[in-house]
Each structure stands twice: as C-alpha cells, then as structure tokens.
Amino acid sequence: MRKILIVGAGQSGLQLALSLQAEGYDVTVMSARTPEEIRAGRVMSTQVLFAPALRHERERGLNLWEEQAPPIVGQRSTMIDPPGTQAWTFIGRWREYAQSVDQRVKMAGWLELFESRGGNVVYHTVMTSDLEGLSALYDLTIIAAGKGELVELFDRDASRSPFDRPQRMLACIYLHGMKPRPDYPEPHVRVNVVPGIGEMILMPALTHTGPCDIILWEQIPGGPFDVWADRPDPKAFLDRTRELLRRYMPWEYELTLDAEPTDARCTLFGGYAPVVRHPVGELGPDALVLGMADVVVANDPVTGQGANNATHCAAIYQRRIMEHGDRPFDRQWMQETFDAYWEYAKHPTAYTNLMLGPPPEHVMRIFGAAVTNQAVADRFAHGAAYPADLSEWFLDPAGADAYLASLSGQGTVS
C-alpha cells in the first residue's frame, strides 16, 4: 500500500486525500487546525464551484451540502461609468447550476469524514525544517498549503507570471438578509465593474448559519475602493460597504438595507500577486515534494477560478498517482503531473490575467454584443465553467471577430 503525505487541509488537499483513501491508499493529512478550530475561525475564502468541479465532488461522494447550498443559475456583468450609472448590463445563464459553500463548513466536515473513514490526521503546523524527515517516511509528499513558509520551496516561473505585485487588494464579508434583485430573483453571481477602480462581486453561498450572500471587493491598489487597510469589524465593514454602494452602485445599495453579518468572523482581507510556480520543491539531494493547486498556480479571485482550479488539480493528481502504480514518484513524474494540470490551468490563468487589466477592444465588442444577444451572454458565462472554450474566441481577437461575425452574418456584432 503506497503511503502519501498531504500537507494542507483545503479544497485540493482534502479532496485528493479522500479520493485516494477511497482507492485504498494509506494517506496522512497534516492540518494546522482542528475541525472545531476551523468552524470557529475566520472565513477563509470566497468560492463558487461551477458544474465541472461540482461533478468531481459528486463522483467521489463529497457533495455533502448540495441539498442545502443555493443553486446559482448564472453570472451578471455590469459596467459602471460614470459612478452610480450602469453603462450596460447582461446576464448569462449556465446549463448546470454552480454552488458556494463556506470553506469553514466544508473543510471541517471533510476532515471529520476523512478521520471517520480511518484516515490519519496530524494537527500541527509544518515548517520547512520538518519536511525532510517527514517526507522520508512516505512514497510521495504533496504540499497543498497555499500560504506560509512552505510556498517558498517553489520558485516563481517568470515565463508564466506577468505580475510581480498584487493587481487587486481584497476584502469580503458574508451577509444574511440581502434582498434578491427584484427583476431577477434567482440566485446569480453579480460582477459590478468600475473602470480604473475595481470590482464588487456578489455570490450566493451557504455558511454554518444557513444560506447567505458574499460581497467581495476587488480594489485596484490606492484607488477609492482600497479602504480596508484598518481591517474593520463586521459591522463597520457593512457600514463602509453601504457607503461605497450608495455612491457607485445604488441599485445594489438598496438590497443591503436589511443585511447583517453572518457572524463575528465573517470578514477577510488580503492581496497577493498572481503567480505560477515551478512544481517541484527540493528539501535535500534526494528529498523532493510536489506542489498543488494554489501553491503552484495562484490566480486573482476576480474570475472565481481558484476553488475550481483546486478541484481539477486534485482530480488530475489522483488520476496520475493511480496510473503510476508502484513506480517511484521522481522529479520527472512530478513535473509531468504538474504539466497535465497546467494543460487545464493555463486557460483560467490567461482569462484571469486578461480581466485584471483594461479590457481589450475585441473584449469590449463581445460585451457590447452580449447586452443584446443572449447567445453571447450565455457563452461568456459558460467560459467561467469551461475556461478552455474562452481561448477559442474570448482571448483571441481573430476568434472573437469570427464568432461575432457568425452570429450577424455581416461582420462583427456591435
């Protein structure tokens, strides 16, 4: 029986651990926190899992909250220019629903499930100095902890990392009592874009106290949305959110009037440079570890790809481990395993990096067409769930022209 050590108890690490456990592997997970500490702690993320990622969870029996989480039907995009005015808006519907589950709920539940099935969990913070001795006890050691000292084991891949600093600062809050849009009450993601300033993204979710909504502020550093450096408590965060919404998005402000924070630790602040890292970390001449998910590909959350990348990474790594049989998990296998993941991750990475800058002219033509053509709006939304499709048209000016021309029959749609 092959022995696998997974350091990190997030979406990718626990999905992989539970999946390998079900196939008879001897898996140990190292987690910095217990389930009780996770549940009682601060929110860890914003997240929306699209249909392909949900299928991975479903196939492995990990969809423990699917009946409780709101089914999210689509994504609305709104351009705001000038502040307080909608220049345009459109909504694309997904063919299958998406869902969002507070990671405090999911990770605590998955840890308990892993232990209940006989899995070994070591609750301890891991330092780089600990790893060489630990890794010698296992056939394969995987680093799935996307923050902290261990990430420094993996060098930045400059050829795939165009940014060397955060493109957005981030602040989010989980809320109860948000009103639905009266003109479109079905649960949907709303992306409100203020050029040169940032974005406000709202997503329905499930937390430990029931259905909720998450508001994520994506702030261009130094701009009018970048007002969270003092890390306000939830009440002050909501008050400040209302002030910003009243000025920039009054139609959203009206929907927050009855809202209240879900709990005392329902806010999160941060910011990081989007990065791709080399996947193999060296602890010593004969001690190698493999990075996964956010450790090796960290996208800004503006396009909602992070948790989906983690889910796909876990599925790809599981397949590669099982196909490898009893052979050594050497450097070549590690690199080829990451390469298999990169074939997926290169598409959401390119999409996210494009959306962090001013939209190119061909993208603005696509958005203009989406306002009046539901097929364009739906295909754009579809790309969030299937980002490889975006490479064929959204990320390629010639492909965009050809697609829009095919809809109009007489040149591009405007």
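These legends go with close-up views of a predicted model.

In this predicted model, local features need pLDDT of at least 70 and side-chain atom pairs count only at pLDDT 80 or more, while totals for chains, interfaces and linings use all residues. Residues are numbered from 1 along each chain as its sequence is written, and side-chain values use heavy atoms, with hydrogens and water left out.

**View 1. Met107 and its contacts in helix 4.** Met107 sits in helix 4, residues 103–116 (helices are DSSP runs of H or I with at least four residues, strands are E runs of at least two, and both are numbered from the N terminus). With a relative accessibility of 1%, Met107 counts as buried (buried is under 20% relative accessible area, exposed is over 50%, and partly exposed is in between, using a 1.4 Å probe and protein chains only). Skipping residues up to four places away in sequence, Met107 touches Ala9, Gly10, Gln11, Leu14, Ile38 and Met44 (contact means heavy atoms within 4.5 Å). Look at Ala9 here: 98 residues separate Ala9 and Met107 along the chain, yet their C-alpha atoms are 6.9 Å apart.

**View 2. The buried side of helix 3.** Helix 3 covers residues 51–59, and its buried residues are Ala51, Pro52, Ala53, Leu54, His56 and Glu57. What do these buried residues pack against? Their partners are helix 1 (11–22), strand 4, helix 4, helix 8 (306–324) and helix 11 (374–385). Just past the end of helix 3 comes Gly61, with a positive phi of about 70°.

**View 3. Asp263 and its polar partners.** Find Asp263 in the loop between strand 11 (260–261) and strand 12 (267–270). Asp263 counts as buried, at 17% relative accessibility. The Asp263 side chain makes a polar contact with the side chain of Arg104, at 3.0 Å (a polar contact is a pair of N or O atoms within 3.5 Å; within protein, one must be able to donate a hydrogen and the other to accept it, and residues adjacent in sequence count only if both atoms are side-chain atoms). A polar atom of the same side chain lies 3.4 Å from the backbone nitrogen of Cys266. Setting aside neighbours within four places in sequence, Asp263 contacts Arg104, His208 and Pro234.

**View 4. Backbone oddities in three loops.** As background, most residues other than glycine have a negative phi, and most peptide bonds are trans. The Asp81 to Pro82 peptide bond is cis, with omega near 5°, and Pro82 belongs to the loop between strand 3 (72–80) and strand 4 (86–98). Arg231 isn't a glycine but has a positive phi of about 50°; its loop runs between strand 10 (210–219) and helix 6 (234–248). Ala293, also not a glycine, has a positive phi near 55° and lies in the loop between strand 15 (287–291) and strand 16 (297–298). Which of the two labels, buried or exposed, goes with Arg231? Arg231 is exposed, because its relative accessible area is 53%, whereas Ala293 counts as buried at 3%.

**View 5. Cysteines without a disulfide.** The structure holds zero disulfides (a disulfide is a pair of cysteine sulfur atoms within 2.5 Å). Cys212, for one, is in no disulfide, and the nearest cysteine sulfur, on Cys266, is 9.0 Å away. Cys212 is buried, with a relative accessible area of 5%. Cys313 counts as buried too, at 0% relative accessibility.
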